[in-house]
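Q: Please take a close look at one part of this model: how its domains and chains touch. Start with the domain contact in the first chain, then work outward from there.

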Amino acid sequence: MKFVDEFREPEVITRTAEEIRRLADPGRHYRIMEVCGGHTHAIYRFGLKDLLPTNIELIHGPGCPVCVLPMGRIDDGLSIAQDPNVIFAAFGDMMRVPGTTGSPLEHKARGMDVRIVYSPSDALKLAKNNPDRHVMFFAIGFETTAPSTALTLVRAKEWGLHNFSVFCNHVTIIPAIRAILDSPDMRIDAFIGPGHVSTVIGCRPYEWIAKNEHKPVAVSGFEPLDILQSIVMVLRQLKAEEAEIENQYKRVVPWEGNRAALGAMAEVFELRPYFEWRGLGFISQSALRIKDSYAEWDAEKRFVVPGVRVTDPKAAQCGEVLKGVLKPNQCKLFARECTPEHPIGALMVSSEGSCAAYFNYEHRKTEMVISISSVA
Amino acid sequence: MAHGAGGKASRRLVEGLFAPLLFGSASGPLGDAAHLDFDGTKIAITTDSFVVKPLTFPGGSIGELAVNGTVNDLAVSGARAEAMVVTYVLEAGLPTSVLEAEVRAMGNAARKTGVIISGGDTKVVEHGKADSMYITTTGIGRPIPGISIDPKSVRRGDKIILSGPIGDHGITILLARGELDLEADLRSDTRSVLPLVEVLAKAAGPGIRWMRDPTRGGVATSLNELARDCRLGIVLSEEQLPVHDAVRGACELLGLDPLHIANEGQFLTVVGPEYADTALNALNLAVGGEEAKIIGEVREQPAGAVLVKTLYGGSRIVDMLVGDPLPRIC
């Protein structure tokens, strides 16, 4: 498979892992945050942690849109779809995310018209094919998915399609990174930058991280080799005591970003003054809302939205895990009350969330190592 | 809904509710079919319901699945299907031509595998109370001489053999639903695995410890069940897993793991190490078994779990599936 297999070549991967071991100073502990949930998932899926020396610690960042979405927003979206005339359309990612009265999938089993779509334009098609119904697209994602939502809204306006709306939960990545860096208990040496987001925003928006915070950043692809190469890049910088933005994912990410995508976003969206992030709290100017010129397609303006706020149980330590202060298995609820089947905290919800990834791929492995060493 | 998807929730439903209330305390590990002894006459019996959307898809249809599924459940329990009864639940308004096509498909599949359909029942429910057509098949079979299937007989060092490439059926169905703008040259793998099981029994009968057809929940779920039942670890080599490129591509795109995708024409078996090569050779020489592979082995650790060795010397745990596989987009 082109663009996949060459980045999974075992021999090259082994060589790159050796390079990492050479570069890492054994007397130093490295804490590198991979911002994106896609990276977290890939790291566990390919078992990359096994290839790294133990003094390189990967901290899983906030880049999982499902994980950082507060439960109240899901409740709000589902409450609109209580109206039998409304079709609730969302990505598969959303389907198992619990609201207070259950996930979209559970609501579907109880009779709500819930549809999985693969893009916002599929939701628009659904509206076109069901003129007597109203289709509400529950939009989530960072700058990766926001442009396609924007283009879909532009098209809805062009077509004059009035039985379609978007419940917008799009968030932006930079304020979240800033919130993590501003946090007093933050302890991170370098970042593996999000690849998909950067295809849209480019590399320039990260420059302040190098300039003001003196942390290296490598914008990375999602194949095993991409991630290992990015680790090499930041280790080299740390060794030379430099801090720069490097683009490992050049085959996809242009330095200046994608102008057409940014243009579509500027046409349709504006920044919200503040938005709540699950695990991180309220962050100012961190999310997008639909401009007044598109109010007719804004579900929050067309429907009565209860505006529910649901706080996570105090015992869930999602914020600490998100900031890298705790490992997933150090949270009091991990694998006890909080499991992928019954997620309590945000990070257990999506398979890209660090707790779910840890639970699925790593958790019993650790148990195994413990049991082996206790035998020895 | 997750309770029907073949993964963790399904297992909990069976172990927590059905087994204690219906089967009594005598029930052992959950197999694909029950083996009964009536004063020396041994029979195997199993039943399965088929709920598929769409009814027809590249490579097969619900009728064919309904026959092959039950034949396969019997085959991997170590029995040859002899007879079958069928129940149809039909939604009022279902075109007669659709019903006829499926009945025909069942007849053909039954003749091909040599099972007699000896009776049945039909119910029609109001329009909107069922989704076009559900089929339940119940099959009885005779034990295949010389093999005995018991997860408790699985030992450290045993080899795990997979009969062919995985994920074809599940991905074909996903694409056939037409909700995805994705096309691939793929067909469901639905078939009777009985001929291959018989080849295996002849070549390596005494070495066979366990068999299972990895349908809903995929290979990962079947092997997790085995790991739990035998309290040993299953270690797979990713390099050895047979997966067609189209399946791999679709899984990459949708964020799915081929190990979790349903199959309708493959089976897994655990054989003693001394029989592994003989078993594999016999399967590879048989029609439809050319792509069979040894995909891993049984080890002491991780007890009760499945570990996959990645191509790069790393490893990951593969759990049972919770609910249906859902694509990841954002």
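A: **Domain and chain contacts**

In chain A, the centres of domain 1 and domain 3, taken over C-alpha atoms, are 21 Å apart. The model is a predicted one. At this contact, domain 1 of chain A contributes 18 residues and domain 3 of chain A contributes 12 residues. On the domain 1 side, β1 (30-36), α2 (37-45) and β2 (56-63) of chain A each give two or more residues. The most comes from α2(A), with 6 residues. By class, this side of domain 1 of chain A, the one that touches domain 3 of chain A, holds 8 nonpolar, 6 polar and 4 charged residues.

The domain bounds put this contact in context. The domain assignment of chain A gives domain 1 as 5-65 + 173-247. Domain 2 of chain A is 71-170 + 272-302. Domain 3 of chain A is 318-375.

Now the sheet made by β3 to β6 of chain A. This open sheet has 4 strands in the order β4-β3-β5-β6 (chain A), and the pairing is parallel. Its edge strands are β4 (114-116) and β6 (164-168) of chain A, each pairing on one side only. From one strand to the next, the twist averages 25°. Between β3 (residues 86-90) of chain A and β4(A), 3 bridges are found, in the parallel sense. Within that pair, R115(A) in β4(A) is the residue opposite A89(A).

A helix packs against strands of this sheet. Helix α3 (residues 71-80) of chain A has these buried residues: R73(A), I74(A), D76(A), G77(A), L78(A) and I80(A). Their cover includes the strands β3, β5 (134-139) and β6 of chain A. It also includes the helices α4 and α12 (299-302) of chain A.

Next, the contact between the chains. Here 39 residues of chain A meet 28 residues of chain B. On the chain A side, the elements giving two or more residues are α1 (10-23), α2, α4 (104-109), α14 (354-361) and α15 (363-375) of chain A. The largest share, 4 residues, is that of α15(A). This side of chain A, facing chain B, divides into 21 nonpolar, 8 polar and 10 charged residues. Two of its helices have appeared already. α2(A) is also on the side of domain 1 of chain A that touches domain 3 of chain A. α4(A) is also among the elements that cover the buried residues of α3(A).

Turn to chain B as a whole. Chain B holds 8 helices and 14 strands. Its C-alpha trace spans about 60 × 55 × 40 Å along the principal axes. The radius of gyration of chain B is 19 Å, which agrees with the value near 20 Å for a compact globule of 330 residues. Of those 330 residues, 50% count as buried. Among contacts in chain B with a separation of 6 or more, 84% are between residues 24 or more positions apart.

Chain B has its own domain contact. The division is into domain 1 (33-143) and domain 2 (151-317) of chain B. Their centres, taken over C-alpha atoms, lie 24 Å apart. The contact joins 19 residues of domain 1 of chain B with 19 residues of domain 2 of chain B. On the domain 1 side, α2 (62-76), β5 (79-91) and α3 (96-113) of chain B each supply at least two residues. The most comes from α2(B), with 9 residues. By class, this side of domain 1 of chain B has 8 nonpolar, 6 polar and 5 charged residues.

Last, a sheet in chain B. This open sheet has 7 strands, in the order β9-β11-β8-β12-β10-β13-β14 (chain B), with mixed pairing. β9 (208-212) and β14 (315-317) of chain B are at the edges with a single partner strand each, so one side of each has no neighbour in the sheet. The twist in this sheet averages 25° from one strand to the next. At the β9 edge, β9(B) and β11 (residues 268-271) of chain B run antiparallel and are joined by 4 bridges. One residue pair there is M211(B) with its bridge partner T269(B) in β11(B).

Technical notes:
Residues are numbered from 1 along each chain as its sequence is written. Chains are lettered from A and ligands numbered from 1 in the order in which they are written. This is a predicted model: local features need pLDDT of at least 70, side-chain atom pairs count only at pLDDT 80 or more; totals for chains, interfaces and linings use all residues. Two strands pair if DSSP finds at least two bridges between them. Axes are lines fitted to C-alpha atoms, for helices over the stretch in contact, and angles run from 0 to 180 degrees between N-to-C directions. Domain bounds come from an automatic or database domain assignment. Two residues are in contact if their C-beta atoms, placed from the backbone, lie within 7 Å. Ala, Val, Leu, Ile, Met, Phe, Trp, Tyr, Cys and Pro count as nonpolar, Asp, Glu, Lys and Arg as charged, and the others, Gly among them, as polar. The radius of gyration is taken over C-alpha atoms; the globule rule is 2.2 Å times the number of residues to the power 0.38. A residue is buried if 20 or more other C-beta atoms lie within 10 Å of its own, exposed if 12 or fewer, and partly exposed in between; C-beta atoms are placed from the backbone.
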